[in-house]
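Hello,

Here is the structure I promised to pass on to you. Please have a look at it first, and then read on for what turned up in it.

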Amino acid sequence: MKTIFKIAKTELRDLFYSPIAWLILIIFTFQTGMLFTGMISDIVRSQSMGGHGANLTLGIFGGQRGLLVAVQSYLYLYIPLLTMGLMSRELGSGSIKLLYSSPITNTQIILGKYCAMLAYGLVLIGVLLVYAIYGMCTIENVDIPVILTGLLGVYLLLCAYVAIGLFMSSLTSYQIVAAVGTLAVLAVLTYVKGMWQSVPFVREITYWFGMTGRSDNFMNGMICSEDVLYFIVVVMLFLLMTIVRLQGRRQKVSWLMSFVKYAGVWGVAIVLAFVSSRPVFKCYYDATHTKINTLTPNSQEIINQLEGGLKITTYVNILDKYNWLGFPKNYNDDVRRFEQYTRFKPEIDMEYVLYYDTVKNDYLERAFPGMSYEEKAKKVIEMEKLNPQKILTPEQIRAKVDLTTTEGNRTVRLLERESGEKTFLRLYDDYQIFPFESEITAALKRMVMTLPTIGFLSGHGERETDRPGDRNYCMFTHLPMMRQALVNQGFDYKDVTLEKEVPAEINILVIAEMREPMTEIEKVNFDKYVARGGNLVIIGEPGRQGVMGPVLESFGVKLVDGFLIQPEKPKDPEQEKQDNVNLGPFAGFVAPKNPIDLIVTQPTKEAEEMSYVFGMMRPNYVAVMPTAAGLEYTTDKGFDVVPLFMSDSTCWNELENTEIVDQEVVFNPDAGEVQKSYPLALALSRKMGEREQKIIILGDADCLSDGELTRNRNPLWAANYVIIQGSFFWLSDGEVPIDVRRPYAIDRKLFVGETGAEILNYALLGVFPGLLLFLALFIWLRRRGR
């Protein structure tokens, strides 16, 4: 050990006597300082304009664009320059012979030089530690473990780079060749991740050895045993190969013996790689305060109830637009999407079934016009180099599973337990495509317990749910490709009539804009459902007051005659400026000169207390209700009533006009019009034995229609789907949608002003590098004087 220490001390002294080490240190300090001060200045500027940050620790130091993330690219260039002379210098000058003749082993030589570089690496980490200490002193409730985890990731990456550079330096006496060789090996380790991904066992190894993204978990505040072991294995691999290389130079060893040694080293590394990548052997530590890298407690509770094995079969239609998901080359990336779940349930088994069948794909239609589905499938197989023997035909896949009726032959996952429960987990037509934790956990929860079943009443001209249409309710009920659809959030769904009693499994009954009244028998069956304590959603619409009045009367609620009008609000310039600040994304929205029937609203405080989902609208999102009817209510029917959404106090119920297109609409109290703040949605509740009966009543049916959910209300950020999720979360007693909330980030403020940011800029870009330059010149002049 003493010998290793002496070699390391000598190597480190020579390193700091050379200009390259100081030059890299000074440039590294200047680059990181420029990046750090830039981020601090941006945050200070945002705070001065009234902005509020969140997760500042992760945003400044880690995440996707933090300081430590950028540092990795700097090391990629600097380390080859530092390591290129470690052994090449000895080989080129002939001093290696002196080392060979001394009583020093090859292992001591290599470890001594490697330890010297690790010490230099600590100097670089020391520079980063200066920024970390500054962050710890200026960030409110700074998340220190996140910073330390990020620094650990950077240092482990540096250790791996140094081991690779040391090995390449032992192969040649030319330092430039060693540097270029190091960059080449790093490039190979960067791209090997995507090589031979079609070969099952080989893809596990090549994917594991890929260095791309290996430190991402550290940057996000997560330590995984697989990542730590990866860096240890890579370091040991290249150090052992360097020792074998020196032994080959020092002693006359046959090429066969050297090959056997290299093969043995790689064999051990491959075994460790394969074993460490198995979910059952992985350990995790989430260093973040909010545990953003870990499943929420609700999801963990569901996972704990999933006893036995769980199989996830992904049925991939190679003609679907999401066919790339199931291609062999994307297997490992797809498996990683479920890593948070395999962390708690390692026995999850993933299988992929590729097939072709009828499906809508505009891209393939344009690419191969006029071709049959079979001909298109052959083209895709040829382009993607798939094995045609593993692609099922339409007849074969239909005999195996029915993907046509509900899924439309889209790419979909089937979750299945050993005990036989199964459910679909879908992909969605939005920017994210893949299911989030709420959708995955909802699918798992469906297999361990009976979730609420929603019945949609039909037979009276209600909004249809079985087909898409501007007026219909297909999207939010059961459209597979819509993330917010009730069936994707854990609910079951079916159409019901009142010709007989409502089935016992119906937990929530939806009445969406009746156009015809109930018959006497239907009213009896409806009253029985209400009497048994069934939950309800009753959705009205202007013009349906007469039909829906008898239904609402028993709850003490009435649809106000006419439809609501929102007049223009005259404002003075100062008030308008203040409103623009408060409106956020709605700043600059110019109200029309004439009154409109589009009501813009946000949930009440009581609504947010009742269902946390409603609070997701604030401060930027709104609900919009076209042609809404106001509501009136009394509390003499035994219900507690909470207004969920309210109109502006300047609204009135228009009675004189049936439409406002090309007509002058004015408030006329003589016609019975009343100007006030009207309830737009109500929540009613009462105790029914041991449970609570819950009812939601809305005065507008269009706000939940397919047409409104797909309409762009620019410049407003409309989020009407929150009405759906918030209401049904309350109606289901919090069962679904799954509550995946995390604690709020507590590092939300930076205690730095504009003056402080300017001082920091001078300190890190001038004073800090200047001190290092002065120290370098002092050591160089002192050595020269000696």
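A good place to start is D357. Leaving aside neighbours within four places in sequence, D357 is in contact with N317, L319, Y373, P394, I397, R398, T404 and N409. Please keep in mind that this is a predicted model. D357 sits in the loop that links β4 (348-355) to α17 (362-367). Is D357 buried or exposed? Its relative accessibility is 2%, so D357 counts as buried, the cut-off being under 20%.

One of the contacts of D357 deserves its own paragraph: N409. This residue belongs to the loop between α19 (394-400) and β6. N409 is not a glycine, yet it has a positive phi of about 60°. With a relative accessibility of 2%, N409 counts as buried.

K385 makes a nice comparison. K385 is not a glycine either, and its phi is positive, at about 55°. You will find K385 in the loop between α18 (373-384) and β5. Here the relative accessibility is 72%, so K385 counts as exposed.

Several of the strands just named belong to one sheet. In what order do the strands of this open sheet lie? There are five of them, in the order β5-β4-β3-β6-β7, and the pairing is mixed. At the edges are β5 (391-392) and β7 (422-426), each of which pairs on one side only. Helix α20 (residues 437-446) packs on the sheet and touches β3, β6 and β7. The direction of α20 makes about 170° with that of β7. Within the sheet, β3 (residues 310-317) and β6 (residues 412-417) run antiparallel and are joined by six bridges. If you would like one pair to look up, K311 has E416 as its bridge partner in β6.

Now for the chain as a whole. The domain assignment gives domain 1 (1-289 + 757-785), domain 2 (297-447) and domain 3 (456-569 + 594-732). Between the centres of domain 1 and domain 3, taken over C-alpha atoms, there are 60 Å.

Next, a pair of helices. Helix α10 (residues 200-209) packs with helix α13 (residues 255-276) at an angle of about 95°, and their axes are 10 Å apart. That angle makes α10 roughly perpendicular to α13, since 65 to 115 degrees counts as such. On the α10 side the contact involves F201, E204, I205, W208 and F209. From α13 come W266, A269, I270, A273, F274 and S276. The residues of this contact divide into nine nonpolar, one polar and one charged.

Another residue to visit is V496, in strand β9 (residues 492-496). V496 counts as buried because its relative accessibility is 6%. Not counting residues up to four places away in sequence, V496 touches G455, F456, L457, S458, P503, I506 and L509. G455 is 41 residues from V496 along the chain, but their C-alpha atoms are separated by 5.7 Å.

Finally, two peptide bonds to check on your screen. The bond from R618 to P619 is cis, with omega near 5°, and P619 lies in the loop between α25 (605-610) and β15 (623-626). The bond from V736 to P737 is also cis, with omega near -5°. P737 is located in the loop between α27 (721-731) and α28 (754-785).

Enjoy exploring, and best wishes!

Methods. Residues are numbered from 1 along each chain as its sequence is written. This is a predicted model: local features need pLDDT of at least 70, side-chain atom pairs count only at pLDDT 80 or more; totals for chains, interfaces and linings use all residues. Side-chain values use heavy atoms; hydrogens and water are left out. Two strands pair if DSSP finds at least two bridges between them. Helices (H or I, at least four residues) and strands (E, at least two) are DSSP runs, numbered from the N terminus. Contact means heavy atoms within 4.5 Å. Axes are lines fitted to C-alpha atoms, for helices over the stretch in contact, and angles run from 0 to 180 degrees between N-to-C directions. Buried means under 20% relative accessible area, exposed over 50%, partly exposed in between (1.4 Å probe, protein chains only). Angles under 35 degrees count as roughly parallel, over 145 as roughly antiparallel, 65 to 115 as roughly perpendicular and the rest as oblique. Ala, Val, Leu, Ile, Met, Phe, Trp, Tyr, Cys and Pro count as nonpolar, Asp, Glu, Lys and Arg as charged, and the others, Gly among them, as polar. Domain bounds come from an automatic or database domain assignment.
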